[in-house]
Amino acid sequence: MPENHQMFLSEPLPRRQSVAVNVGGVVVGGTAPVVVQSMTNTDTADVDSTVAQVSALARAGSELVRITVDKDEAAAAVPRIKERLARIGVNVPLIGDFHYIGHKLLADHPACAEALDKYRINPGNVGFKAKKDAQFSQIIETALNYDKPVRIGVNWGSLDQELLTHLMDKNQDEGSPLTAQQVMREAICQSGLLSGKRAEELGMGKDKIILSAKVSQVQDLISVYVDLAQRCDYALHLGLTEAGMGTKGIVASSASMGLLLQQGIGDTIRISLTPEPGGDRTREVQVSQELLQTMGFRSFVPIVAACPGCGRTTSTVFQELAQDIQDHIRTSMPVWREQYPGVEELNVAVMGCIVNGPGESKHADIGISLPGTGETPAAPVFVDGQKVKTLRGAGIAEDFKKMVLDYIENRYGNGA
């Protein structure tokens, strides 16, 4: 095999062995499945809007939600947010995102420190020069007092400049064996690892520490996390920071994190999408779930397979039906998770013509092959590989949707 092909992975590697961390009842790392998390973009001091968005993210399937805690008003609001969420039955763990004055906010607002399930610390701006260790230590001591885990989140946009300058000077003194890009990557790794070691020196166990190393370029992210995974056994949070908007953000995040996950690296992920104006924040949760599900690591919602369409499928019925079923499934999942255990494993096929339609439909749990251009206006339906019915007439779509719902009830309902 050519040397440059030796890293090709036809099967996922076993998950890297990391120390498990309990975050408000959700286990990150160890043998636990990869956890999906998200972050609000509301003003945390606005309790109503923050509760609404956290609730929406949790209903969409976010298992951890991070909120900004950047001022006294935000810190004071955290306990009220937690209480309101509990009142409406939303028990998702909350992570406080701290920069610059986190040590002070946690000290001044003990109810906030108690209410949060994890603290996120940025070693690049937790403090500067002589204050850096004192303020970092203060947050760690608060976490120890309240028995909270921390995420030490390095970000190349706020990287520790003293550490970076030191490594640049050292590299130059050694004859510049590394490129500036390589030195920057090393600085990111060292910032996280040194901060983790310092937290341990202060008495925090590895079972309370998660590391992340956020960059915005795909190759940098892959390189940094491969390096981190080899140099520590802390649980790792994956995320491509400033990933971008729409398809760019989705593709960049999926390409980088998909490759890392294939190598067994990553214990929790976030897809950091820039929302389009008026866009739905829950989109980042959906993309995270779809990444993990399409790679075969977890199941969140039933999969609806549909053909892309071609000249044989001039009708839009199959497109509309596939979209209708997918939307119905996603909006129904908060209830279905409780009502129909295991329904997330369901596979539905909606095909547009006779070429691949019957075969694809047989492979699904329930599938339909709609008539293509010039085909007989009949739609065979297959259940568990067997043809059970042929639908005809103007009501094909509605009839099939009813059959899907009946299948779910019969297979996953309480009477199953």
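**Reading the barrel, its helices and a hairpin**

Visitor: In which element is the place of alanine 58?

Guide: In this predicted model, alanine 58 has its place in helix H1.

Visitor: Which residues does alanine 58 touch, leaving aside those up to four places away in sequence?

Guide: Alanine 58 touches Val90 and Val92. Another pairing concerns residues 224 apart along the chain: the C-alpha atoms of alanine 58 and threonine 282 are separated by 8.8 Å.

Visitor: How should one read the pairing of strands, and which strands form the closed barrel?

Guide: Strands of a sheet pair through backbone hydrogen bonds, in either a parallel or an antiparallel sense. Here eight strands form a closed barrel with parallel pairing, in the order S3-S4-S5-S6-S7-S8-S9-S11. Helix H1, residues 47-60, packs on the sheet and touches strands S3 (35-39), S4 (64-68) and S5 (94-98). The direction of H1 makes about 155° with that of S4.

Visitor: How many bridges join S7 to S8?

Guide: Strand S7 (residues 150-155) is joined to strand S8 (residues 209-214) by six bridges, and the two run parallel. One example is valine 154, whose bridge partner in S8 is alanine 213. Helix H5, residues 131-146, lies across S7 and strand S6 (118-121), running at about 170° to S6.

Visitor: In what sense do S16 and S17 pair, parallel or antiparallel?

Guide: Strand S16 (residues 378-383) and strand S17 (residues 386-392) pair in the antiparallel sense over six bridges. Proline 380, for instance, has threonine 390 in S17 as its bridge partner.

Visitor: Which residue of this hairpin takes a positive phi?

Guide: Aspartate 384 does, with a phi near 50°. The hairpin has two residues between its strands.

Methods. Residues are numbered from 1 along each chain as its sequence is written. This is a predicted model: local features need pLDDT of at least 70, side-chain atom pairs count only at pLDDT 80 or more; totals for chains, interfaces and linings use all residues. Side-chain values use heavy atoms; hydrogens and water are left out. Two strands pair if DSSP finds at least two bridges between them. Helices (H or I, at least four residues) and strands (E, at least two) are DSSP runs, numbered from the N terminus. Contact means heavy atoms within 4.5 Å. Axes are lines fitted to C-alpha atoms, for helices over the stretch in contact, and angles run from 0 to 180 degrees between N-to-C directions.
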